[in-house]
Amino acid sequence: MKLLHINASPRGEDSYSLEVADHLNIQLAERNEVEIDRLDLFKTNLPEFGEVATSAKMALFTGRDQTDEEVAAWAAVRAVFDRFAAADIYVFNVPIWNNGIPYKLKHFIDLVTQPGWSFGFDPEAGYSGLMTDRKAVVVHASGVWHSDVGENFGSDFSTPVLQDWLNFLGVIDLHHIRVQPTVLTADVDTVKAAALRRASELASTL
Ligand SMILES: Cc1cc2nc3c(=O)[nH]c(=O)nc-3n(C[C@H](O)[C@H](O)[C@H](O)COP(=O)(O)O)c2cc1C
């Protein structure tokens, strides 16, 4: 089994979501033959998806030949996708930033979400995910937001984005682990311990 671990926190040893994701991966590796590829989004120079990559994409839509610059840009995007596609299981650790996902994760999503690669489209049937037969676990961390907090304490637009995006790609076998809240709590160790327990439970069933 090939596991791609996508680390969307830049906080290294201070990251709660990373600690829980690492725990899950260790537990999974104890039970299965797992090859782990870790993608640290904040340490990786992802290719730009700007003027050249978007015109390369539109060239494919319109049937125009890509320029040499567009061919190179598109190959760089494809390399990121190939790494994504090589995995059978995804583990994401994702901090809530400003009620949503960190910008580096959105960058990654915009690179790998391409028609004909990760999803298909039929004018009559609509969209269909091409990343089927894969599983995903998302470890969410947030400083303030948690499921029982009042509406003046922010929102979680991160979970729906990830849930919707992974389902869109055809990844239906999707699990969530929560380390929340990590800041607005008198006892973060208890919060973390519950998340580590949930990771252990999940590792025994995945
Ligand atoms: C740029 C930034 C924005 C943040 N925005 C929110 C937020 O909107 N809601 C929240 O509950 N916590 C927010 N936090 C707190 C983090 O979610 C919290 O520190 C969490 O533990 C980060 O995950 P990590 O420990 O895995 O890095 C923010 C932190 C940073 C650095």
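This report describes the sheet, the helices, the ligand shell and two backbone details of a predicted model.

## The parallel sheet

Five strands make up an open sheet. Their order is β2-β1-β3-β6-β7, and the pairing is parallel. β2 (35-40) and β7 (173-179) are the edge strands. Each has a single partner strand, so one side of each lacks a neighbour in the sheet. From one strand to the next, the twist averages 15°.

Strand β1 (residues 2-7) runs parallel to β2, and six bridges join the two. One pairing can be picked out by residue: leucine 4 has aspartate 37 of β2 as its bridge partner.

## The antiparallel pair

Strand β4 covers residues 119-122, and strand β5 covers residues 126-129. They pair in the antiparallel sense, over four bridges. A hairpin of three residues links β4 to β5. Aspartate 122 has glycine 126 in β5 as its bridge partner.

In general, the strands of a sheet pair through backbone hydrogen bonds, in either a parallel or an antiparallel way.

## Helices across the sheet

Two helices can be placed against the strands. Helix α5 (residues 158-168) lies across β3 (89-95), β6 (135-141) and β7. Its direction is at about 170° to β6. Helix α6 lies across β6 and β7. The angle between α6 and β7 is about 160°.

## Packing of α1 and α6

How do the axes of α1 and α6 cross? Helix α1 spans residues 16-31, and helix α6 spans residues 188-205. Their axes come within 9 Å and cross at roughly 30°. Angles under 35 degrees count as roughly parallel, so α1 is roughly parallel to α6. The crossing is right-handed.

From α1, the contact uses Tyr16, Val20, His23, Leu24, Gln27, Leu28 and Arg31. From α6 come Lys192, Ala195, Leu196, Ala199, Ser200, Leu202, Ala203 and Ser204. By class, the contact of α1 with α6 holds nine nonpolar, four polar and two charged residues.

## Packing of α2 and α3

Helix α2 (residues 51-62) packs on helix α3 (residues 68-85) at an angle of about 95°. The axes are 8 Å apart. Angles of 65 to 115 degrees count as roughly perpendicular, so α2 is roughly perpendicular to α3.

Which residues meet here? α2 brings Val52, Ala53, Ser55, Ala56 and Ala59. α3 brings Glu69, Glu70, Ala73, Trp74 and Val77. The residues of the contact of α2 with α3 divide into seven nonpolar, one polar and two charged.

## The ligand shell

The ligand has 19 residues around it. Ser17, Pro95, Ala141, Ser142 and Gly143 come nearest. Helix α1 gives the most to this shell, with three residues. The helix that packs against α6 is thus also a contributor to the ligand's surroundings.

What is the chemical make-up of the shell? Nine of its residues are nonpolar, nine are polar and one is charged.

## Backbone details in the loops

Where does the cis peptide bond sit? The bond runs from glutamine 180 to proline 181, with omega near -5°. Proline 181 belongs to the loop between β7 and α6. That loop follows an edge strand of the sheet, β7.

Asparagine 98 has a phi near 50°. This is a positive value in a residue other than glycine. Asparagine 98 is in the loop between β3 and α4 (103-112).

Conventions. Residues are numbered from 1 along each chain as its sequence is written. This is a predicted model: local features need pLDDT of at least 70, side-chain atom pairs count only at pLDDT 80 or more; totals for chains, interfaces and linings use all residues. A residue is near a molecule or strand if its C-beta atom, placed from the backbone, lies within 6 Å of it. Ala, Val, Leu, Ile, Met, Phe, Trp, Tyr, Cys and Pro count as nonpolar, Asp, Glu, Lys and Arg as charged, and the others, Gly among them, as polar. Axes are lines fitted to C-alpha atoms, for helices over the stretch in contact, and angles run from 0 to 180 degrees between N-to-C directions. Angles under 35 degrees count as roughly parallel, over 145 as roughly antiparallel, 65 to 115 as roughly perpendicular and the rest as oblique. A crossing is left-handed if the near helix is turned anticlockwise from the far one by less than a right angle, and right-handed if clockwise. Two residues are in contact if their C-beta atoms, placed from the backbone, lie within 7 Å. Two strands pair if DSSP finds at least two bridges between them.
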